Amino acid sequence: MTFIPNGFSGSVLTKSWSVMLAAALAASTAIVPAGTALAQDSETITAVMHSGLRVLDPIITTAHITRNHGYMIYDVLIAVNENFEVQPQMADFEVSDDGLTYTFTLRDGLMFHDGEPVTAADAVASLQRWGERDSGGQLIFDVTASLEATDDKTITWTLSEPFTPLLDIVAKQSAVPPFIMPARVAETPSSEAITEYVGSGPFSFVEEEFEPGVSVTYEKFADYVPREEPADWMAGGKVVNVDRVVWTSMPDAQTAINALVSGEIDYLEQAQIDLLPILQASPDLTVEVRDPLGFQTMGRMNFKHPPFDDEKIRQAALMAISQENVLATLVGNPEYYSLCGAIFGCGTPLADETGSDTLKSGGDAEAARALLEEAGYDNTPVVLMQPTDVVTLTAQPVVVAQALRDAGFNVDMQAMDWQTLVTRRASQSAPADGGWNIFFTNWSVPEISSPLINPMVNGRGDEAWFGWPEDPALEELRAEFIAADGVEAQTEVAQRIQAHVLETVNYVPLGQYLTVQARSNKMVDMIQQPVPVFWQVDKTE
């Protein structure tokens with residue numbers, strides 16, 4: 001097992017600014033789903049992912065399970081390797097000397113799963129739809145003069161002013177990668193979910209076998225032409241060595257672990273930390289930290305509805321919360337978590353923990369109660385959404401709900417599965433009409449390490465991430481960051497963004513933790529990186 005001790009958020013996360021910017025850019029007798037019998041097939045990988053899959057459009061949501069689904073069936077123009085260097089994927093690229101024109105040329109052999117060739121028009125439509133939803137994409141389109149297909153293989157992206165991070169943002173792994181879809185699909189308004197799931201990636205989606213939230217099947221796309229370079233994180237040749245990959249849901253952690261130990265499944269994306277000894281005792285399994293960069297967990301409030309439309313009430317909520325209580329309950333073993341109040345992640349070039357003192361010192365219920373009274377809180381219920389089926393999201397709602405109650409909040413904690421929450425968090429309705437007040441989520445550190453791509457640090461109101469803060473001051477700070485000349489100037493602006501975000505309680509950082517994956521030793525050559533992918537991996541007898 002790969003082991004990283006407490007304090008992991010230091011040296012293993014510290015990288016040069018250019019690197020981090022690009023990066024940012026149940027019992028043993030329990031019944032196991034029938035699909036897991038496929039684990040005995042050497043041509044099929046059966047995996048239990050961190051969540052069931054229901055939402056199939058990887059542009060309208062930032063849910064990691066939907067992003068993972070996206071990487072199975074779609075491809076991207078450019079991608080990053082393990083050194084966070086931007087590499088060609090579907091297209092080669094050139095940048096004009098004045099930094100205003102980016103030219104992407106599609107490589108030969110690109111084919112959609114329906115047999116149609118991939119064209120530049122498909123890429124343009126896909127990029128435009130992505131740019132309406134993605135935080136970094138919005139910044140690029142703010143300075144886009146034109147984006148057009150100049151012929152079937154050439155995309156010409158012209159800017160009104162230089163925007164140096166363009167390639168880093170387009171190549172980033174998350175939160176919303178610019179997956180390329182057929183133009184007829186990408187022309188779906190970005191406010192609506194797509195209804196056709198045709199990509200050009202290494203796997204095709206088997207729609208007739210899809211059971212939402214239960215099972216999803218992917219088949220090797222025989223006409224996919226991988227790049228010639230070796231696979232390297234999200235870059236290089238996506239060579240598929242198995243015929244099928246089946247994701248099956250097992251919300252109970254003990255059931256999933258028993259299934260892996262007994263050989264009924266091949267892979268477990270997120271193992272519960274307190275059950276690791278069971279997995280470590282098996283000589284047939286490999287147990288490892290999948291992503292040494294770690295994840296940050298956080299709470300997000302809804303700015304549109306009472307009570308969190310009031311800044312003082314948001315501040316009272318932050319003041320009530322203890323990172324230690326959350327992480328100790330979520331992870332248990334302190335060797336796998338670290339207190340951290342930096343919105344851009346501890347150990348990163350932009351790390352700063354201004355405003356997080358109470359979070360890191362155990363919270364202050366008495367001060368929170370006093371501030372709540374000062375704000376005139378009228379006992380408005382706080383609808384707190386509680387996912388029950390994701391190991392890394394079950395503890396935060398329970399711990400925070402109690403902390404808020406101790407501070408005087410009236411908390412209505414509502415249980416649901418994660419995919420229901422992912423759908424519901426997109427609703428701007430009042431909490432009493434199916435909306436919400438607060439939920440919790442997790443981001444890998446590269447996803448949040450810069451104000452250019454951190455989805456939470458967006459003050460564009462209805463165009464912002466769920467919660468929809470309308471914060472012109474934050475947008476001005478992001479513009480200052482883009483215009484800043486050099487790392488020192490950028491760092492100074494980032495520190496002001498940190499202070500502003502914690503003052504306005506744009507969101508509540510709850511600390512960092514590591515996830516552990518486990519797989520059968522029959523699975524070999526799996527790429528170890530933040531996004532679990534199933535190309536390159538092989539399955540031996």
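**Exercise 1. Describe how helix H9 packs against helix H17, and name the residues in contact.**

Step 1: find the helices. H9 covers residues 311–320 and H17 covers residues 487–504. Helices (H or I, at least four residues) and strands (E, at least two) are DSSP runs, numbered from the N terminus. The model is predicted: local features need pLDDT of at least 70, side-chain atom pairs count only at pLDDT 80 or more, and totals for chains, interfaces and linings use all residues. Residues are numbered from 1 along each chain as its sequence is written, and side-chain values use heavy atoms, with hydrogens and water left out.

Step 2: take the axes. They come within 8 Å and cross at roughly 95°. Axes are lines fitted to C-alpha atoms, for helices over the stretch in contact, and angles run from 0 to 180 degrees between N-to-C directions.

Step 3: classify the angle. H9 and H17 are therefore roughly perpendicular to each other (65 to 115 degrees).

Step 4: list the contact (heavy atoms within 4.5 Å). H9 gives Glu311, Arg314, Gln315 and Leu318; H17 gives Leu502, Glu503 and Thr504.

**Exercise 2. Give the strand order of the open sheet and identify its edges.**

Step 1: read the order. The 7 strands run E8-E9-E10-E1-E11-E19-E12, with mixed pairing. Two strands pair if DSSP finds at least two bridges between them.

Step 2: find the edges. Strand E8 (203–205) and strand E12 (285–289) each pair on one side only.

Step 3: follow E12 to its partner. E12 pairs with strand E19 (residues 516–520) in the antiparallel sense, over 5 bridges. Val289 stands opposite Val516 in E19.

**Exercise 3. Describe the largest pocket and the second largest pocket by volume and lining.**

Step 1: set the terms. On a 1 Å grid over the protein atoms alone, where a 1.4 Å probe fits, a pocket is an open set with protein on both sides within 12 Å along at least five of seven lines; lining residues have an atom within 4 Å of a point. A volume is the space filled by probe spheres set on the points, which are joined across faces, edges and corners.

Step 2: take the largest pocket. About 590 Å³ of space lies in it. Its lining has 29 residues, with Ile60, Arg133, Ser190, Ala426 and Phe466 nearest the centre. Helix H3 (120–133), helix H4 (135–142) and helix H14 (418–424) each give two or more residues to this lining.

Step 3: take the second largest pocket. Its volume is about 260 Å³. Its lining has 23 residues, with Met49, His50, Met250, Pro251 and Asp389 nearest the centre. Helix H7 (residues 253–261) gives the largest share of this lining, 3 residues.

Notes:
Parallel < 35°, antiparallel > 145°, perpendicular 65-115°, else oblique.
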